[in-house]
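Biologist: Could you walk me through this one? I'd like to go over an annotated site and then some charged pairs.

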Amino acid sequence: MEVALVSLLILSILHLGSGLSLNYYDKTCPNYEATVTAAVKQAMATDNTVPAALLRLHFHDCFVRGCDGSVLLDSTSNNTAEKTGPPNVSLHAFYVIDNAKSAIEAQCPGVVSCADILALAARDAVALSGGPTWKVPVGRLDGRISKASETSLLPAPTSNFAQLQQRFNQLNLSVKDLVTLSGGHTLGFAHCSSFQNRIHSFNSVNDIDPTLSPSFASLLRKACPGNNTVQNAGATLDATSKVFDNMYYKMLLNGMSLFSSDAALLTHPKTKGFVTTFANSQEAFNLAFVKSMLRMSSLTGGQEVRLNCRKVR
């Protein structure tokens, strides 16, 4: 039943006219998908932070100029690229995309875009962490422009509901997409700087955000004291941060989310309803996540196929 619904979702997304297709590389590079999956599996075998990193890379790519691989570009003497922008300095696992690209270039040079490789790797990151899988429509092109200044377009962890809704609306993504894609926070880790606003000097009345569970806030303050100097200090995004599940939503309802942008999902009746639905049903979350990922990853805007994901062709 779930597989059939996912297939219908893919067809509906393709019907929107994104220019992507499921058979784009069938004749020109038939083994591209298996090659990407192999690169992701190889990286995961030695680094369990890879799935969260790849999923985050894809999000951060798509929210700036569409899913065009621009987040992968290195800075040059004439340009400061997206990956050096404040929201992106903690991005990593670029080497996984580089490895997949090198292997594909050896098979079919100049055919498969870096943007498509990243979209596939994000899908594999979810599936190999216990989440749903889906067919990724392909045919994206890589962008030539990557500017650190444009990372201000990324939703911030301190965002309120109105700010989040505005940014998602600009990309023709719904409030359900907002809640669903926030569920990507089921994987990974956050540094103290992303949530310190909630546990120290929250406002003129409260030192700690009153919507946080007191016991959870206490744990966060121990990990991230006000005078913290430990560069890599922080907390996992949920209690099962290596598994793609609905724990994020369960914890959110119990006042145990890290970001202000997470807590913001409970400030509107409609989004709170989606949070409750996903907390109560892993299947509902999986189906919604596939649909939202397909919608987000259909935001395209590139111009070329790069031979090296870090450099403009």
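Biologist: In which loop is P155 found?

Modeller: Keep in mind that this is a predicted model. UniProt, in an unreviewed entry, places the feature "binding site" at P155. As for its location, P155 is found in the loop between α5 (114–127) and α6 (161–170).

Biologist: Thanks! Which residues is P155 in contact with, leaving aside its neighbours within four places in sequence?

Modeller: P155 has a relative accessibility of 32%, so it counts as partly exposed. With those neighbours set aside, the contacts of P155 are F63, L164, R167 and F168.

Biologist: On to the charges. How many residues apart in sequence are the parts that E33 and R123 tie together?

Modeller: E33 and R123 form a salt bridge, with 2.8 Å between the closest N and O atoms. E33 sits in helix α2 (residues 32–44) and R123 in helix α5, so the pair links parts whose separation in sequence is 90 residues.

Biologist: Is K83 buried or exposed?

Modeller: K83 forms a salt bridge with D74, the closest N and O atoms being 2.6 Å apart. D74 counts as partly exposed at 29% relative accessibility. The cut-off for buried is under 20%, and K83 has a relative accessible area of 14%, so K83 is buried.

Biologist: Lovely. Which residues do salt bridges that share partners join into one network?

Modeller: A search of the whole structure finds 13 salt bridges. One of them, between R310 and D98, has an N to O distance of 2.7 Å. Where partners are shared, salt bridges make one network of E33, R123, D124 and K135.

How values were computed. Residues are numbered from 1 along each chain as its sequence is written. This is a predicted model: local features need pLDDT of at least 70, side-chain atom pairs count only at pLDDT 80 or more; totals for chains, interfaces and linings use all residues. Side-chain values use heavy atoms; hydrogens and water are left out. UniProt positions are given in the numbering used here, feature names are shortened, and annotations may be inferred rather than shown by experiment. Helices (H or I, at least four residues) and strands (E, at least two) are DSSP runs, numbered from the N terminus. Buried means under 20% relative accessible area, exposed over 50%, partly exposed in between (1.4 Å probe, protein chains only). Contact means heavy atoms within 4.5 Å. A salt bridge is a side-chain nitrogen of Lys or Arg within 4 Å of a carboxyl oxygen of Asp or Glu.
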